[in-house]
Amino acid sequence: MPVALRRTELALLVAVAALVVAVAFARGGTAAPGDPQLALVGRFTTPTYLTSPPGDRDRLFVVEQAGRIRIVRGGATLPTPFLDIASLVVSGGERGLLSLAFPPDYSASGRFYVYYTARNPSGEVTIAEYHVSSNADVADPASRRIMLSIAHPRSNHNGGQLQFGPDGYLYIGTGDGGGGGDPDRAGQRLDTLLGKLLRIDPRPGAGGAAYTVPAGNPFVGRAGARPEIWSYGLRNPWRFSFDRQTGDLAIGDVGQNQWEEIDFAPAASGAGRGANFGWGCWEGRHVYENNSGNPECTPLPTNHVPPVWEYSHNRGCSITGGYVVRDQTLPALAGRYVYGDYCDATLWSVRLGKPDAQDDRRLAGLDISSLTSFGEDACGRVYAVSQSGPIYRLQAAGAAAGPCPVPKPVLRCRVPRVVGLRLAKARTRIRRANCRVGRVRYKRSTRARGRVVTQSPRPGAQRARGARVNLMLSRGRR
C-alpha cells in the first residue's frame, strides 16, 4: 500500500482498479522525437523509492516496502538484496521501509541511512545508519546504528523521506502523527519532531550523542523548541527534493480532504529555514476551518508560507512530490518539476517559482497507476515508481537507454573553511569559492579578537553560485 494515502480503504479501491503496464514504454500513442516517454527499468515487490550513491553511474538502489533494498545493474536486478531488514520493519498501509539516502562521502565512508517504521516498538519512526560490507553490492546488517526514533501514535502520516541537502546535512520529512485534522496539533508545535522537516549531521556527536544538530538550525537555543527542526507546519511531506542545480527545496505535502500542495523554498532565501508551511491552520491556501478555534490558529500565524501550487481533489487524492529535471538528455522537461498523484495516473510538470508556480502541464501519455514515488540517480535521470511493481525512467522518445551522461560543469559555491581567519582574509577566500559573505555577528570567545569562530554552511558544502556564508567573529575573551 502506498504510504502517501490517508485512508486505507481508498488505497484498496485504487489498487484493485490499477492496471500494471506491461510494455517497455508508456501508453499514449507515438511521441515525437525528444518528447518524454517512460522506459521500463524493472518490476519489484511494492517499491517505495529509488536512488543511487553520489558518483555511482552504474547502479540503481530500489527500496521495497517490506524491508528490502534491491540493486539494478546493467538492466538486471541482482538476486541478493543489498539489505534485508524485513524482520525489523512493520509493513502495510502507510508503514514500511520508506526511504534510503547516501551521504556525499559514501564512496569513502560506506555509510548510508534508512527510514522505516519499526516492528518494535510498534510503528516507531526510525532513522538508522548502516555500512556496506566488503562486498560493494551487499550491506552489513550487523552494522545498524539507530540514530533517531520518534514515537508515532497512529498508522498513517509517517512521512518517509531522507535526502542529503546541498549543505551536506541529512534532511528528514516526518508526518504529523496521523489521524484526521492533526488531532495532536503537531504541525504548529515546536516541541515535537512530528509534522516537520528536520536537519541533522548524522555523524556521532560529542559526549556519545547519536547525531549532531547543526548550529545554524533556526530553533537552536530556543526554549521549548526541538533544535532538529528546519521547517514546520507540514501534514505528511511524503516526498521532498532539492534541485541538484540550484539547491532549491520542493515539498509535496499530502492534504486533508480538499487540497494537495507543493511548497517551494528557494536556496537564495534559506531553502525553508524556519519556514511555517501552515498545517494544521491551512490546507493548501485555504484556512482549515476545523482547526480555526485552536489556540495556535487564533489568530492565524503571521509567518505562514503558502504553497506555490495546489490542486483540488477533483484531480486526485494524495500528491507524490518529484524532482526538478536536470537530465541533459531530456531537454523537453529541463527545469520543470515533475510530480503526480496516487489517484491520478497521469504525470504532471510545472515551473516552480515565488509566489506562484507557472505553466502546469499534463504529460500526455505518461500514465502510471498507483504512483508512489519518484527517484533520481547519480546522473540526474528521473524515475517514477508504481506501487504495483514497475519502475520507469523518464527519457526522450527515440533515445536509447545508453550510459549515464557526463554532466556539464556547473559553477557552484563550494564553501571554504574560514574558521580561525581574520574577516578580510575570510572574505577573500569566500569570494574566490564563488560564494559571498552573509551575516556577520560577534560573540565572546577564547579565539583572538576579530577571528572567525564559526561558519554556516559548514566547509565543503556545495551551494548555488553566490550563496551566503554566515560568520561568527570573536570579540575576544571576557
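In which strand is Asp 359 found? Asp 359 sits in strand 24, which covers residues 358-367. Welcome to a short tour of this chain, which is a predicted model. Its secondary structure adds up to three helices and 32 strands, and the points below move from the whole chain to its second largest pocket and then to some individual residues.

**The chain as a whole**

- With 478 residues, a compact globule would be expected to have a radius of gyration near 23 Å, and the chain agrees with that at 22 Å.
- The C-alpha trace extends over about 70 × 55 × 45 Å along its principal axes.
- Of the 478 residues, 58% count as buried.
- The surface that the chain exposes comes to about 19,100 Å², and carbon and sulfur atoms supply 50% of that area.
- Taking contacts between residues at least 6 apart in sequence, 60% join residues that are at least 24 apart.

**The second largest pocket**

- This pocket has a volume of about 1,000 Å³.
- Its lining is made up of 46 residues, which divide into 20 nonpolar, twelve polar and 14 charged.
- Nearest the centre of the pocket lie Gly 216, Arg 273, Ser 456, Pro 457 and Asn 470.
- Four strands each give the lining at least two residues: strand 29 (436-443), strand 30 (452-456), strand 31 (462-464) and strand 32 (468-474).

**Two cis peptide bonds**

- Ser 456 and Pro 457 are joined by a cis peptide bond, with omega at about 5 degrees.
- Pro 457 belongs to the loop between strand 30 and strand 31, and both Ser 456 and Pro 457 are among the lining residues nearest the centre of the second largest pocket.
- A cis peptide bond also links Thr 298 to Pro 299, here with omega at about -5 degrees.
- Pro 299 has its place in the loop between strand 19 (286-287) and strand 20 (309-312).

**Positive phi outside glycine**

- Asp 359, the strand 24 residue from the opening question, has a positive phi of about 60 degrees although it is not a glycine.
- The relative accessibility of Asp 359 is 38%, so this residue counts as partly exposed.
- Asp 182 also has a positive phi without being a glycine, with a value near 55 degrees.
- Asp 182 is placed in the loop between strand 12 (170-173) and strand 13 (196-200).
- With a relative accessibility of 3%, Asp 182 counts as buried.

**Thr 192, in the loop between strands 12 and 13**

- Thr 192 is found in the loop between strand 12 and strand 13, where Asp 182 also lies.
- A relative accessible area of 13% makes Thr 192 buried, because the cut-off for that class is under 20%.
- Leaving aside residues up to four places away in sequence, Thr 192 touches Ala 186, Arg 226 and Ile 229.
- Thr 192 and Asp 176 are 16 residues apart along the chain, and their C-alpha atoms are separated by 9.3 Å.

**Ala 332, in the loop between strands 21 and 22**

- The loop that holds Ala 332 runs between strand 21 (319-324) and strand 22 (337-341).
- Ala 332 is partly exposed, at 37% relative accessibility.
- Although 297 residues separate Ala 332 from Asp 35 in sequence, the two are 6.2 Å apart in space, C-alpha to C-alpha.
- Once residues up to four places away in sequence are set aside, Ala 332 touches Gly 34 and Pro 36.

**Arg 447, in the loop between strands 29 and 30**

- Arg 447 lies in the loop between strand 29 and strand 30, two strands that each supply at least two residues to the lining of the second largest pocket.
- Its relative accessible area is 34%, so Arg 447 is partly exposed.
- Arg 447 and Ser 474 are 27 residues apart in sequence, with a C-alpha to C-alpha distance of 6.2 Å.
- Ser 474 is also one of the residues that Arg 447 touches, along with Val 419, Gly 420, Val 452, Val 453 and Gly 476, not counting residues up to four places away in sequence.

Note on methods. Residues numbered from 1 in each chain as written. Predicted model: local features only at pLDDT ≥ 70, side-chain atom pairs only at ≥ 80, totals over all residues. Heavy atoms only, no water. 1 Å grid on protein atoms, 1.4 Å probe; cavity = no way out; pocket = protein on both sides within 12 Å on 5 of 7 lines; lining within 4 Å. Points joined across faces, edges and corners; volume = space filled by probe spheres on them. Nonpolar A, V, L, I, M, F, W, Y, C, P; charged D, E, K, R; others polar. Rg over C-alpha atoms; globule rule 2.2 N^0.38 Å. Buried < 20%, exposed > 50% of the residue type's maximum accessible area, 1.4 Å probe, protein only. Contact = heavy atoms within 4.5 Å. Areas by Shrake-Rupley, 256 points an atom, 1.4 Å probe, with all protein chains shown as cover.
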